[in-house]
Amino acid sequence: MSYQITRETYGVYTAYCGFVTGAEFLESMFHNQNDPDFDRWRYSIKDFLQVTGHSVGPADIKTAAIHGLGAELINANIKIAIVAVDQGVRDLVTGFTALTHYPVRFFYTVAEARVWVEQDACV
């Protein structure tokens, strides 16, 4: 598995590593959205710093965004922090940001992402 999910008190941290397939990326997202505490989360940190390559394509991003719209009906109060230095990953995720109502921001470190998700949240 190319990702590890860590549930936290007010959200979730997903760390991706190695080569990430589109199916694995979607699987991680569906796993998080099906969590029994999803309706109470305030953030999702997606850490792509250890990714060495991926086969996530525009169709996968569109699928993620469509499912994200459904997830917003359950919880519209989630901030999504993307941690990535690779410009290709950042460009790909930008396709998601155009299709979602969730606030999404990019960061170069997990520490920076945590500062943002903790603002205005009960974290």
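**Figure 1. Contacts and overall dimensions of the chain.** Residues 24 or more positions apart account for 74% of the chain's contacts with a separation of 6 or more, where contact means heavy atoms within 4.5 Å. This is a predicted model, in which local features need pLDDT of at least 70 and side-chain atom pairs count only at pLDDT 80 or more, while totals for chains, interfaces and linings use all residues. Residues are numbered from 1 along each chain as its sequence is written, and side-chain values use heavy atoms, with hydrogens and water left out. Of the 123 residues, 46% count as buried, that is, under 20% relative accessible area with a 1.4 Å probe, protein chains only. The radius of gyration is 13 Å, which agrees with the value near 14 Å for a compact globule of 123 residues; it is taken over C-alpha atoms, and the globule rule is 2.2 Å times the number of residues to the power 0.38. The C-alpha trace spans about 35 × 30 × 25 Å along its principal axes.

**Figure 2. The open sheet of 5 strands.** The chain holds 4 helices and 5 strands, which are DSSP runs numbered from the N terminus (helices H or I, at least four residues; strands E, at least two). Along the sequence they follow the pattern β-β-α-β-α-β-α-β-α. The strand order in the sheet is 1-2-3-4-5, with mixed pairing; two strands pair if DSSP finds at least two bridges between them. Strand 1 (3-8) and strand 5 (104-107) are at the edges with a single partner strand each, so one side of each has no neighbour in the sheet. From one strand to the next, the twist averages 15 degrees.

**Figure 3. Strand 1 and strand 2, with the helices on the sheet.** Strand 1 pairs with strand 2 (residues 11-20) in the antiparallel sense over 6 bridges. R7 has V12 of strand 2 as its bridge partner. Helix 1 (residues 22-33) packs on the sheet and touches strand 1, strand 2 and strand 3 (43-54); its direction makes about 170 degrees with that of strand 2. Axes are lines fitted to C-alpha atoms, for helices over the stretch in contact, and angles run from 0 to 180 degrees between N-to-C directions. Helix 4 (residues 110-118) also packs on the sheet, where the strands it touches include strand 4 (79-83) and strand 5.

**Figure 4. The contact of helix 2 with helix 3.** The axes of helix 2 (residues 58-74) and helix 3 (residues 87-97) come within 8 Å and cross at roughly 35 degrees. P58, I61, A64 and A65 of helix 2 meet L92, G95 and F96 of helix 3.

Note on methods:
Buried means under 20% relative accessible area, exposed over 50%, partly exposed in between (1.4 Å probe, protein chains only).
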